[in-house]
Amino acid sequence: MNALADLYGIVYAEPPYEEGPEEVAGFRNGLPEEARRPGFTLITAHDQGVLVGAAYGWTMGSGRWWSRAGQDPPADVREVDKFAVMEWIVRPEQRGRGVGAELMRRLLDARPEPVATLASNPRSAARTIYARAGWVQVGDTATAWGARMDLLVLRTSAER
């Protein structure tokens with residue numbers, strides 16, 4: 001999991017995140033607990049043995065939603081199991097090559113949940129990529145440290 005934490009550090013050092021060693025250490029220390037969550041799935045991409053991308057998440061059960069959400073999602077989202085994508089990261093030099101799209105396809109294609117959800121910083125470059133990929137905003141939230149995030153959903157292959 002050190003390679004994953006190192007990748008996290010590279011990606012989140014960029015604006016608008018500008019995270020540093022303390023946040024990377026928090027991510028690294030929290031990974032074992034996250035890996036024990038129901039439905040946890042991690043997908044990785046490598047180039048010549050180097051981790052260049054990763055996506056992971058877990059099942060957010062029926063009736064549950066993001067803890068600091070400003071509003072509830074539509075009932076057809078809230079009342080079903082959802083797959084909460086917690087990280088979807090790609091090395092900067094690998095972007096634009098389809099690595100991220102392939103990670104998400106592999107992560108979601110076999111999921112039993114009919115809906116996937118994620119939180120995205122509205123100022124990030126990734127936010128426009130999510131919209132192009134079909135993710136739809138259904139609300140917003142604030143992180144524990146006060147940053148506003150858009151809450152997005154996507155219907156998975158289980159729904160289709």
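Before you click anything, one cut-off: a residue is called buried under 20% relative accessible area, exposed over 50%, and partly exposed in between. Keep that handy, and bear in mind that you are looking at a predicted model.

**Stop 1: I129**

Select I129, which sits in helix α5, residues 125-132. Its relative accessibility is 42%, so I129 counts as partly exposed. Now add A101 to the selection. The two residues are 28 apart along the chain, and their C-alpha atoms are 9.5 Å from each other.

**Stop 2: the whole chain**

Zoom out and show the cartoon. You should find 5 helices and 6 strands. Trace them from the N terminus and the order reads α-α-β-β-α-β-α-β-α-β-β. The radius of gyration is 15 Å, close to the 15 Å that the globule rule gives for 160 residues, so the chain is as compact as a globular protein of that length.

If you draw a box along the principal axes, the C-alpha atoms fill roughly 40 × 35 × 30 Å. Among the 160 residues, 42% count as buried. Take the contacts with a separation of 6 or more: 60% of them come from residues 24 or more positions apart.

Switch on the surface next. The chain exposes about 8400 Å², with carbon and sulfur atoms supplying 50% of that area. Colour by charge and you have 19 positive and 21 negative charges to look at; the mean positions of the two sets are 2 Å apart.

**Stop 3: helix α4**

Go to α4, residues 99-108. Which residues of α4 are buried? Show side chains for V99, G100, L103, M104, L107 and L108, and you have them. They cover an arc of only 145° around the axis, which means they lie on the same side of α4. Try looking down the helix axis to see this for yourself.

What covers these buried residues? Bring up the strands: the cover includes β1 (41-47), β2 (50-60), β3, β4 (115-120) and β6 (148-155).

**Stop 4: R91**

Step back along the chain to R91, in the loop between β3 (82-90) and α4. Is this arginine buried or exposed? R91 has a relative accessible area of 18%, and the cut-off for buried is under 20%, so R91 is buried. Leaving out residues up to four places away in sequence, R91 touches L7, I10, V50, L51 and V52. Show those as sticks.

For a distance check, pick A119 as well. R91 and A119 are 28 residues apart along the chain, and their C-alpha atoms are separated by 19 Å.

**Stop 5: the loop between α1 and α2**

Head towards the N terminus and find P16, in the loop between α1 (2-12) and α2 (21-35). Look at the backbone here: the peptide bond from P15 to P16 is cis, and its omega is near 5°.

Now select E18, which lies in the loop between α1 and α2. E18 is not a glycine, yet its phi is positive, at about 50°. With 58% relative accessibility, E18 counts as exposed.

**Stop 6: Q48**

Finish at Q48, in the loop between β1 and β2. Where does its phi fall? The angle is near 50°, a positive value in a residue other than glycine. The relative accessible area of Q48 is 81%, so this glutamine is exposed.

Methods: Residues numbered from 1 in each chain as written. Predicted model: local features only at pLDDT ≥ 70, side-chain atom pairs only at ≥ 80, totals over all residues. Heavy atoms only, no water. Helix = DSSP H or I, 4+ residues; strand = E, 2+ residues; numbered from the N terminus. Buried < 20%, exposed > 50% of the residue type's maximum accessible area, 1.4 Å probe, protein only. Contact = heavy atoms within 4.5 Å. Rg over C-alpha atoms; globule rule 2.2 N^0.38 Å. Areas by Shrake-Rupley, 256 points an atom, 1.4 Å probe, with all protein chains shown as cover. Lys, Arg positive; Asp, Glu negative; His and termini not counted. Charge placed at Lys NZ, Arg CZ, Asp CG, Glu CD. Arc of directions from axis to C-beta.
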